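Open the model in a viewer and keep the sequence panel beside it. The stops below give a selection to make and then say what is there.

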Amino acid sequence: MQRSRMLALLVAAVILAGAGYWYWAAHKAVPGSEVKAAAPVPVRLAQAKIADIPVLLEVVGRAEAYESVTLKSRLDGQVAAVSYSEGQHVRQGDVLLRLDPADFQARLEQAAANLARDEAQLAKARADVQRYVALNGRGFVSEEKVNEVRTAEAAAQASLRADQAAAELARLQVSYTTIRAPFAGVVGARLVFPGTAVKTNDTALAMVNRVRPLYVTFSVPEKHLRKLRAALAAGPLPASVTLPGNKEERFEALIGFIDNAVDATTGTIQVKARLDNQDEKLTPGQFLNVALALDTLTASVVVPVEAVQQGPEGNFLYAVRQDNSVEVRKIEVLANYRGLAAIGKGVADGETVVTDGQLRLKAGAVVQVKSPTTAAAKAPAAPADAAK
């Protein structure tokens with residue numbers, strides 16, 4: 001029984017081995033079953049070239065009014081009239097508000113009356129001095145009397161000066177009832193209305209900003225301070241200003257101020273650039289992107305920024321060999337400027353690099369240039385409004 005069972009197992013094993021060999025041989029003999037070579041990967045290519053690339057320091061700043069003032073009253077009073085419209089452009093000296101001048105006009109008239117009275121008293125005192133001096137010369141009055149009338153003349157003259165000062169103060173107070181623009185600019189929202197009671201140096205009456213030119217204020221890390229000062233020493237340092245999300249429209253500004261101390265809490269120093277803003281496209285308070293060219297990399301190898309890829313070991317790109325296969329190159333990116341990346345090492349002038357299609361690539365893969373027809377077919381259709 002045991003020998004019969006062993007013989008049956010041996011026969012079954014031989015049958016299974018034969019069936020397996022027959023299956024392998026049958027499939028191996030099927031035409032076209034060989035593994036095909038990988039098809040070339042469609043990519044876009046560009047050549048590395050030599051160019052001068054500025055080293056940009058890019059920071060975020062804010063637009064700031066060149067001059068800004070909140071007008072307040074120098075008197076206690078009541079608003080009689082508001083002469084400006086909200087958002088109005090004003091010139092220096094334009095009337096913005098008027099306070100009720102009745103009380104101050106009455107004080108001016110009172111001061112003028114006191115001044116006229118003291119002028120008459122001074123004239124009488126001078127006449128008395130002349131008369132008593134003549135009488136003293138003839139021996140009719142004593143020297144003491146002459147000194148007495150001279151003292152009266154001096155007192156009358158002092159009273160006249162005091163009244164002149166009081167009259168001048170009253171005239172100034174009357175002038176303070178008219179609020180004028182201290183410089184040309186744009187006036188803000190209306191803060192008071194006719195009938196509003198105002199207090200001296202307390203109630204805000206209007207706010208005026210000078211927006212032509214503007215300051216662009218931003219902070220620079222202290223590690224760049226040496227290069228920043230060196231660039232300023234070489235001449236006027238321009239700054240390129242753009243709006244967030246819009247790099248097409250650029251505004252030129254000139255650095256004109258570096259603060260005298262580094263902020264110990266942030267490790268930055270405040271810098272201001274002057275921007276003409278003649279068309280008033282920028283408004284105080286806006287966030288802005290600021291780019292400064294602190295240095296220039298001359299004769300650098302540059303490639304399109306699309307060629308640079310990020311990996312776990314740093315930046316790399318795909319370089320194309322003579323046989324259209326690619327190899328991975330580790331690179332050092334020195335600076336980026338307007339779609340170009342300056343490469344410190346890893347790529348030589350004239351080499352071909354891949355700028356599109358890297359997701360399907362690996363070392364040794366064969367590539368072919370994408371045809372314009374295929375690229376156009378894969379491009380998304382433009383919106384109807386854009387086509388118009």
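Strands in this tour are DSSP runs of E with at least two residues, numbered from the N terminus. By that rule, S300 sits in strand β13, and the tour will come back to this residue. The model is a predicted one.

**Whole chain**

Begin with the full protein chain, coloured by secondary structure. It has 6 helices and 20 strands. Switch to a surface representation: the accessible surface comes to about 24,500 Å², and 54% of that surface belongs to carbon and sulfur atoms. Of the 388 residues in the chain, 31% are buried. For a contact map, take residue pairs at least 6 apart in sequence; 75% of those contacts join residues at least 24 apart.

**Helices α2 and α3**

Select residues 102–137, which form helix α2, and residues 143–176, which form helix α3. How are these two helices oriented relative to each other? Their axes lie 8 Å apart and make an angle of about 160°. Angles over 145 degrees count as roughly antiparallel, so α2 is roughly antiparallel to α3. The crossing of α2 past α3 is left-handed.

Now pick N114 in helix α2. N114 is partly exposed, because its relative accessibility is 26% and the partly exposed range runs between 20% and 50%. Draw a C-alpha to C-alpha distance from N114 to A162: the two are 9.7 Å apart in space and 48 residues apart in sequence.

**The largest nonpolar core**

Show side chains for V216, F218, L228, I255, V271 and L292. These have the most contacts inside the largest nonpolar core, a set of 29 residues. Several elements each supply at least two residues of this core, among them β2 (49–72), α4 (225–233), β11 (246–258) and β13 (287–304). The largest share, 5 residues, comes from β9.

Centre on F218 and display its surroundings. Leaving out residues up to four places away in sequence, F218 touches V59, V60 and G61, then I255, then I269, Q270, V271 and A273, and finally V290 and L292.

There is also a second core, separate from the one above, with 17 residues. To find this second core, select V82, L99, F183 and V208, which are among its members. In soluble globular proteins, nonpolar side chains tend to be buried together.

**Strand β9 and the loop after it**

Go to P213 in strand β9. Which kind of peptide bond joins R212 and P213? It is cis, with omega at about 5°. Most peptide bonds are trans.

Next, select E222 in the loop between β9 and α4. E222 counts as partly exposed, at 47% relative accessibility. Beyond residues up to four places away in sequence, E222 touches V262, G267 and T268. A C-alpha to C-alpha line from E222 to A264 spans 10.0 Å, for a sequence separation of 42 residues.

**Helix α4**

Move to R229 in helix α4. R229 is partly exposed, with a relative accessible area of 43%. Its contacts, not counting residues up to four places away in sequence, are I258, D259 and I269. R229 and L294 are 65 residues apart in sequence, and their C-alpha atoms are 9.4 Å apart in space.

**A299 and S300**

Return to strand β13 and select A299 together with S300. Is A299 buried or exposed? With 54% relative accessibility, A299 is exposed. S300 is buried, because its relative accessible area is 8% and the cut-off is under 20%. Apart from residues up to four places away in sequence, S300 touches K49, I50, A51 and A342.

Check the backbone torsions of A299 too: its phi is near 50°, a positive value in a residue other than glycine.

**R338**

The last selection is R338, in the loop between β17 (332–337) and β18 (340–345). R338 also has a positive phi, near 50°, and is not glycine. Most residues other than glycine have a negative phi. R338 is exposed, with a relative accessible area of 57%.

Technical notes. Residues numbered from 1 in each chain as written. Predicted model: local features only at pLDDT ≥ 70, side-chain atom pairs only at ≥ 80, totals over all residues. Heavy atoms only, no water. Core = buried A, V, L, I, M, F, W, Y, C linked by side-chain atoms within 4.5 Å. Buried < 20%, exposed > 50% of the residue type's maximum accessible area, 1.4 Å probe, protein only. Helix = DSSP H or I, 4+ residues; strand = E, 2+ residues; numbered from the N terminus. Contact = heavy atoms within 4.5 Å. Areas by Shrake-Rupley, 256 points an atom, 1.4 Å probe, with all protein chains shown as cover. Axes fitted to C-alpha atoms, helices over the stretch in contact; angles between N-to-C directions. Parallel < 35°, antiparallel > 145°, perpendicular 65-115°, else oblique. Left-handed = near helix turned anticlockwise from the far one by under 90°.
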